[in-house]
Amino acid sequence: GHCRRSRLVLSSQLGDPPPRPTTMEGEPSAPSRLFLARPLDAPDKVEQSAAWHFQHLRAEVFDELQIDFEDLAPESLHGWAITGLTWMAAAGVEKQKSACLGLVYALLVHDLDRTVSPGYYDYLALLRNLDAHHIATRTLLAFSRRWRVLQPVTQLRLVLLLRAMADARWPKVDQVALSIQRELVLEPKYQEHVCEVLHEMVCVTHLCARVDEECAQLSFLWAARWAHITSSLKPRKGEDGEALVELRRLLAELVAGLWQEYRDALLRAGPALLWAAAQYRDCAALPWQAVMVHEGAILTHPAPQACLDHFLTHELQEQTAFLVNEATGHRAGRLFEWFLRRHFGQPAHGSGIGDCILWAITAAAPKGDLKPQLWDRFWNASASGDGALAFLFAAAHLAPRSDSYTRRLLDGLLAQSVDPDETRRRKAFYLVKRIPGSGASKLAVLLRRDLEQEQGPSRKK
């Protein structure tokens with residue numbers, strides 16, 4: 001499960017690239033065709049290699065047939081080109097890999113007319129037949145890990161290609177879909193673009209969720225999050241809103257279908273499923289009432305690490321792990337401030353801070369180190385209460401599996417009070433009501449008792 005989402009190194013599998021071109025457009029010094037690269041950013045090595053291999057295909061096949069990928073004209077000799085690529089790939093394994101990597105690059109960089117035949121789908125069929133070493137999925141997986149800096153048009157081409165691959169039952173395509181699910185976040189200035197990408201991703205997820213139990217769990221959590229997000233979105237000025245309404249309908253159908261078909265597998269997501277219910281409780285499209293009927297069955301399972309990881313982007317997970325395991329001493333405070341500004345803003349907002357805290361707690365619990373300064377910074381970071389909600393959730397539903405680490409952590413946080421009239425315990429008492437489950441109800445009783453003791457006999461009413 002964990003290796004499937006690991007970073008895959010392509011260079012050792014592709015052999016030596018063809019000689020570096022000096023005048024063709026794929027030269028490494030040319031501006032990136034895939035990424036929103038800044039002037040001082042180093043070239044992406046996978047893009048660089050893919051561009052070289054594509055230029056090799058152009059020199060060997062396409063230029064001789066006068067085929068211009070910028071303008072895929074119907075009268076071009078695409079059938080001849082496909083035959084030429086097939087013969088080239090037959091020359092050996094390295095030639096086969098080179099053809100696959102070059103074709104993936106071409107499909108991501110160029111807008112090919114899907115109505116031309118032979119054309120887009122014929123090149124895709126060739127790629128499917130040649131790709132015995134999974135070059136296509138591994139290349140897309142590498143690009144998906146840098147999703148946030150891909151050009152919007154590249155993101156759309158990637159998910160369109162992924163949907164075509166999923167329709168063709170391409171091996172390992174689910175790994176790319178799950179990676180994009182983790183990286184896909186709402187960018188307000190690209191709202192219309194995000195909705196278009198999400199529409200394609202819902203279709204891909206329908207096909208990939210049935211691969212295994214883990215795919216079903218992760219896809220359900222992802223779909224629930226976006227059903228919640230889109231329920232509060234409004235069409236931007238000048239938009240009719242039909243695309244957004246259709247997207248909400250598709251997400252609701254995906255969630256309902258996954259729950260109906262994979263209920264037993266979803267229950268084995270354990271507290272991760274309850275955490276989603278706590279965060280997205282206001283979304284009417286989500287089946288939380290049906291979920292909570294099975295609370296007893298849910299709590300017999302620990303939260304799979306893959307589910308907790310899926311709430312975070314790859315970069316956020318890596319940097320959170322560093323904060324928990326490595327950031328100590330005088331530099332810890334500065335690193336935390338930088339971390340907060342980069343991912344959440346100051347003060348932190350949105351449910352992402354809660355996901356991050358929950359992941360950090362589960363990472364720290366096995367060592368038993370309470371890390372009071374780190375947890376205090378996380379508590380103070382969230383203005384909306386989403387951060388505090390994660391501490392309360394961990395104490396309510398993870399305590400039995402953490403040897404009461406989460407309860408001791410929460411007690412240490414609640415003992416600190418900045419303002420006597422607005423104590424952390426009071427805030428916790430009101431926030432815990434947002435958490436579903438009997439564990440949260442028991443925690444609320446304890447918090448109420450402690451709050452009454454804190455207020456004194458004269459205010460116990």
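**Close-up 1. Two buried rings, Phe62 and Tyr123, pair up in a predicted model.** Buried means a relative accessible area under 20%. By that cut-off, both Phe62 and Tyr123 are buried. The model shown here is predicted. A pair of aromatic rings is described by the distance of the centres and the angle of the planes. The count of aromatic pairs in this model comes to 14. One of them joins Phe62 and Tyr123. Their ring centres lie 6.1 Å apart, with 65° between the planes. Over 60 degrees counts as edge-to-face, so this pair gets that label. The pair links distant parts of the chain. Phe62 belongs to helix H2 (residues 45-62). Tyr123 belongs to helix H5 (residues 120-130). In sequence, 61 residues separate the two.

**Close-up 2. Phe336 and Phe339 form a tilted pair within helix H18.** The centres of these two rings are 6.3 Å apart. Their planes meet at 40°. What separates Phe336 and Phe339 along helix H18? Helix H18 spans residues 331-343, and the two residues sit three places apart in it, so about one helical turn lies between them. Phe336 has a relative accessible area of 2%, so it counts as buried. Phe339 is buried as well, with a value of 1%. Both residues also belong to one aromatic cluster. Its other members are Phe344, Trp375, Phe378, Trp379 and Phe391.

**Close-up 3. Two arginines lie over aromatic rings.** Arg128 lies over the face of Trp170. Its distance from the ring centre is 5.6 Å. Arg146 takes up a position over the face of Phe35. Here the distance from the ring centre is 4.4 Å.

**Close-up 4. Gln181 is a buried residue in helix H8.** Helix H8 covers residues 173-183 and includes Gln181. Is Gln181 buried or exposed? Its relative accessible area is 1%, so Gln181 is buried. The side chain of Gln181 makes a polar contact with the side chain of Thr205, at 3.2 Å. Set aside its neighbours within four places in sequence, and Gln181 still touches several residues. Among them are Met201, Leu218, Ser219 and Trp222. Arg225 and His310 are also in contact with Gln181.

**Close-up 5. One cavity turns up in the whole structure.** The search looked for cavities of 30 Å³ or more and found one. The largest cavity holds about 30 Å³ of space. Which residues line the largest cavity? Leu221, Trp222, Arg225, His310 and Phe311 do. Helix H10 (residues 213-231) gives the largest share of the lining, with three residues. Trp222, Arg225 and His310 appear in the previous view too, as contacts of Gln181.

**Close-up 6. Arg169 and Lys172 have positive phi values in the loop between H7 and H8****.** Arg169 is not a glycine, yet its phi is about 55°. Arg169 is found in the loop that follows helix H7 (152-167) and leads to H8. How accessible is Arg169, and what does that make it? Its relative accessibility is 55%, so Arg169 counts as exposed. Lys172 lies in the loop between H7 and H8. Phi of Lys172 is near 65°, again a positive value in a residue other than glycine. Lys172 has a relative accessible area of 38%, so it is partly exposed.

How values were computed. Residues numbered from 1 in each chain as written. Predicted model: local features only at pLDDT ≥ 70, side-chain atom pairs only at ≥ 80, totals over all residues. Heavy atoms only, no water. Phe/Tyr/Trp six-rings, centres within 6.5 Å; stacked < 30°, edge-to-face > 60°. Helix = DSSP H or I, 4+ residues; strand = E, 2+ residues; numbered from the N terminus. Buried < 20%, exposed > 50% of the residue type's maximum accessible area, 1.4 Å probe, protein only. Lys NZ or Arg CZ within 6 Å of the ring centre and 35° of its normal. Polar contact = N/O pair within 3.5 Å; in protein donor to acceptor, adjacent residues only side chain to side chain. Contact = heavy atoms within 4.5 Å. 1 Å grid on protein atoms, 1.4 Å probe; cavity = no way out; pocket = protein on both sides within 12 Å on 5 of 7 lines; lining within 4 Å. Points joined across faces, edges and corners; volume = space filled by probe spheres on them.
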